[in-house]
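Q: Please take a close look at the nonpolar core of this model. Please also describe the strands that pair within the structure.

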Amino acid sequence: MSALSKVHSVAITGVDGAVVEIEGCIGPGLPAVHLVGLPDTVLKESRDRIRAAIVNIGIRFPDTRVTVALSPATLPKVGSVYDLPLAIAILLAAERVSVGRIDGAVLLGELALDGRVRAVRGVLPAVLAAKESGFTRAVVPLANLDEAGLVDGIEVLGAAHLSEVVAWLAGEGRLAEPGPLVAEDCDRAVADLADVVGQPEAKYALEVAAAGAHHIMMTGPPGIGKTMLASRLPGIMPALGRREALEVSAIHSIAGNLRPDRPLITVPPFVAPHQTSSVSALVGGGSGLARPGAVSLAHRGVLFLDECAEMGPRSLEALRTPLEEGQIRLARRDGVVKYPSRFLLVMAANPCPCAPARNQDCTCTATVRRRYLGRLSGPLLDRVDLWVRMEPPGTGALHEDGAAEESSVSVRDRVHRAREAAADRWGAEGWLTNSEVPGVVLRRRFRLSAKALRPLELYLRGGKITARGADRCLRLSWTLADLLGLDKPGEPEVVQALQFRDKE
């Protein structure tokens, strides 16, 4: 009669996890290890890693036929995260370890040949999925312990070696527990806005963008400070709440970007892909199951596209869906994955290819200038709420006292108050910022007065703005009102929102 065992692990698809039941069976037959349940190449290679790890901790490997099944069988199993649970399933079936503590636990980790438990990606979303499925304990690699410890309501234990897990199952040892949480410091993580000299209009536009999560386009000659301003935008955005921080940290866990000492990302991320980046680098891709791209890594943060007019049209057009829906769906060989992608887009471009400084003549022809920014399609630009044309600072700007420039802390306080006002208004619907509110809600349930809407209607009738642009103008006017402490926008806020959307 065959000996059977059962342990559990977690498969990650996008940012969602599914519990995987791993069954070990030792029966008569020639010595071999058979894996069933749609394992990928990395998982198939785990047979050799597991055999070496078990032998090197002083336990005899079964010299008969070993079959390990991973269920559900129709779900693709990817990566080395199953090494540890596979090894325990084999040891349980061979009656080499005790079964007392395995109930209600999930196991995650890659094994080295000497039995060390190595770190893996996606531990945070895996532990979240285990908790939601009713499991009470998770055993993870020691290097991922603090990351897994971010999840409340489940016991998290860390193991550095397979022998530690075997001893723990036998009741002869203890596994490590998470230490105190250390979060990022926004003031240390991001440079200060006070470093930027002048540019009051651009700074105010950034404040409005941060308050409502509105997309912004900055144009101006090289060296004027577009990149400098954009890199300081996360510093004036409020720190991420607990739910948003877990969302962002889960995405970066899958990408393998989390810092072991500070696994919880509380500062809005800043992602700046190069202008030669491919479509896959921007929205995500890869063989098998798609990995997150720049738009997902920038979730709840800033995606900065410098020299956006130099980017390929296919890359730019791929941004339209995540900009509108706040998520991206990617279909690859092993299935469809969905990643959240609600980011604040900042685009920067020179006015033309030669980009002359002030008082210098442009050498570009009218056709070249028109074609340069013409690479940005109308539908993409229609999703941009604020347009800023930057000019060089005036005479004497470098001699002014730097203390006169407003710091990121004071601007962030105003942005925080505006975000709180928006959250109080929309929180019951699940929206955090004004940019997330559907236009139909603003037009019906929160309709502005006829006087306030008159400028917007004139622009619509004159064809100066699209219906989508009108909705975005309404969202922008609500943000302007929140920054001023008003209950609702009036005509001046609507007019200012229209001026911000003026591309001329």
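A: The account below turns from the core to the strands.

This is a predicted model, in which local features need pLDDT of at least 70, side-chain atom pairs count only at pLDDT 80 or more, and totals for chains, interfaces and linings use all residues. Residues are numbered from 1 along each chain as its sequence is written, and side-chain values use heavy atoms, with hydrogens and water left out.

A nonpolar core is a set of buried Ala, Val, Leu, Ile, Met, Phe, Trp, Tyr and Cys residues joined through side-chain atoms within 4.5 Å; buried means under 20% relative accessible area (1.4 Å probe, protein chains only). The largest such core holds 70 residues, of which I22, Y82, L86, I88, V127, V140 and L162 touch the most other members. Helix α3 (residues 83-93) supplies the largest share of this core, nine residues; helices are DSSP runs of H or I with at least four residues, and strands are runs of E with at least two, numbered from the N terminus. Neighbours within four places in sequence aside, I88 is in contact (heavy atoms within 4.5 Å) with V7, I102, L107, L162, V165 and L169. A second, separate core of 50 residues includes A202, V437, W478 and A497.

Among the strands, β9 (residues 155-159) has four of its five residues buried, so the rest of the structure largely encloses β9. Two strands pair if DSSP finds at least two bridges between them. Strand β8 (residues 137-141) pairs with β9 in the parallel sense over five bridges, and V139 stands opposite L157 in β9.
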